[in-house]
Amino acid sequence: MSAVSSRLPVFPWDKLEPYKATAAAHPDGIVDLSVGTPVDSVPDLIQKALVAAADSPGYPTVWGTVELRNALTGWVERRLGAVDVAHTNVLPVVGSKELVAWLPTQLGLGPGDRIAHPRLAYPTYEVGARLARAEAVVYDDPTELDPAGLKLLWLNSPSNPTGRVLAKDELTRIVAWAREHGVLVFSDECYLELGWEAEPVSVLHPDVCGGTYEGVVAVHSLSKRSNLAGYRAAFIAGDERVLGELLQIRKHGGMMTPAPVQAATVVALGDDVHVSEQRARYAARRTALRTALEGHGFRIEHSEASLYLWATRDEPCWDTVAHLAELGILVAPGDFYGTAGEHFVRVAFTATDERVEAAVKRLG
């Protein structure tokens, strides 16, 4: 085993392949609800912006164009309720997964440093700690952690996989605790615009951070809100000291968002109509799948936001995966996200209307 592979967990999706084969053998084809990847078209106005900027022979800048930074600061103020956001408070990144995986390394963390993430969480938080050779620790309530050696605290609201939303007072309490102990907070808020039964709040909201961004950074992505997973369009916003250090490191590393993607991002952040239209699509799919799953004997927990239903039949998750695969439906086992999920499955509602309808019929 190589030195790199020994530092990383087994890539979880490889374990799902046999069940994918079973689901694919269904006479009416597979309904793949395992990965939350967008399937609807990129909005036309965004495609046009990308094409218009296609003649980009020169190198883009890591910090982005002035137009992009204006779009980022404007959106953060308008949508998140943040105040006095300067260009030094924003930084484009090449997709949020890249940022999550390499942030500990770019922050200079390593052996002896501790990085905390939720007990049920997107696996890349742990991967980032392992790549830096730091220690990953999990929490139910971060304020109960021993702060000794704790350098980075990941929040994730709305949560992947559970869809849980942290309330404003809870975020405020966590940020205050982290500041008291000198712990840097990175809040992964990529599903913030997809609240269904709760209204997600950013750590950059003045009621949470007190109007100062010291020690707090929010992570945002256009993959979900604008169907731009293929564009790798994302950004971070918050503490200018932290972002300034990351900017210098990313300059040296050549981590540049392509110029056409920067132009497309400007247009995407300036338009709310396509976001509302996509939300409506997801809302209809969510309602249909939730009703069908509950009718099939599932219980749904949390799931008040994001693109997933966190579902259980109170049995080992792989038994549920196998059961649904026989119906031609592929879902993600909950233990992909931590041992606390071993009796749950994550059901994405990012399939087409036709495939969602097929799943509903099979569950019925």
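Contact here means heavy atoms within 4.5 Å. The model is predicted: local features need pLDDT of at least 70, side-chain atom pairs count only at pLDDT 80 or more, and totals for chains, interfaces and linings use all residues. Residues are numbered from 1 along each chain as its sequence is written, and side-chain values use heavy atoms, with hydrogens and water left out.

**Exercise 1. Place E315 and list its partners.**

Step 1. Find the element. E315 sits in the loop between strand 10 (308–312) and helix 12. Helices (H or I, at least four residues) and strands (E, at least two) are DSSP runs, numbered from the N terminus.

Step 2. Check exposure. E315 has 17% relative accessibility and counts as buried. Buried means under 20% relative accessible area, exposed over 50%, partly exposed in between (1.4 Å probe, protein chains only).

Step 3. List contacts. Setting aside neighbours within four places in sequence, E315 touches T320, E342 and H343.

Step 4. Look for polar contacts. Such a contact is a pair of N or O atoms within 3.5 Å; within protein, one must be able to donate a hydrogen and the other to accept it, and residues adjacent in sequence count only if both atoms are side-chain atoms. The E315 side chain reaches the side chain of T320 at 2.7 Å. It also meets the side chain of R313, at 3.0 Å.

Step 5. Take a distance. The C-alpha atoms of E315 and A325 are 15 Å apart, with the two residues 10 apart along the chain.

**Exercise 2. Which residues of helix 12 are buried, and what do they pack against?**

Step 1. Pick out the buried residues. In helix 12 (residues 317–326) they are C317, W318, T320, V321, L324 and A325.

Step 2. Test for a common side. These residues cover an arc of only 155 degrees around the axis, so they lie on the same side of helix 12. The arc is that of the directions from the helix axis to the C-beta atoms. An α-helix has 3.6 residues a turn, so residues three or four places apart point the same way.

Step 3. Name the packing partners. The buried residues pack against helix 2 (17–24), strand 11 (329–330), strand 12 (332–333), strand 13 (345–348) and helix 13 (353–363).

Step 4. Look past the end. G328, just after helix 12, has a positive phi of about 80 degrees.

**Exercise 3. Work out the order of the open sheet of 4 strands.**

Step 1. Read the order. It is 9-10-13-12, with antiparallel pairing. Two strands pair if DSSP finds at least two bridges between them.

Step 2. Find the edges. Strand 9 (299–301) and strand 12 each have a single partner strand, so one side of each is left without a neighbour in the sheet.

Step 3. Follow strand 9 into strand 10. The two form a hairpin with 6 residues between them, and H302 in the turn has a positive phi of about 50 degrees. Their antiparallel pairing has 3 bridges. I300 has A311 as its bridge partner in strand 10.

Step 4. Cross to strand 13. Strand 10 joins strand 13 through 4 bridges. W310 is bridged to R346, and L309 stands opposite V347.

Step 5. Check the faces of strand 10. Y308, W310 and T312 are buried on one side, L309 and A311 on the other. In a regular strand the side chains alternate between the two faces of the sheet.

Step 6. Add the helix. Helix 11 (residues 273–295) lies across strand 9, strand 10 and strand 13, at about 5 degrees to strand 10. Axes are lines fitted to C-alpha atoms, for helices over the stretch in contact, and angles run from 0 to 180 degrees between N-to-C directions.

**Exercise 4. Is N160 buried or exposed?**

Step 1. Locate N160. The residue is in the loop between strand 5 (150–156) and helix 7 (168–180).

Step 2. Read the area. N160 is buried, at a relative accessible area of 6%.

Step 3. List what surrounds N160. Not counting residues up to four places away in sequence, N160 touches L120, A121, Y122, Y191, Y308, Y337 and R346.

**Exercise 5. How many disulfides does the structure hold?**

Step 1. Apply the cut-off. A disulfide is a pair of cysteine sulfur atoms within 2.5 Å. The count is 0.

Step 2. Check C209. Its nearest cysteine sulfur, that of C190, is 18 Å away.

Step 3. Check exposure. C209 is buried, at 2% relative accessibility. C317 is buried at 2%.
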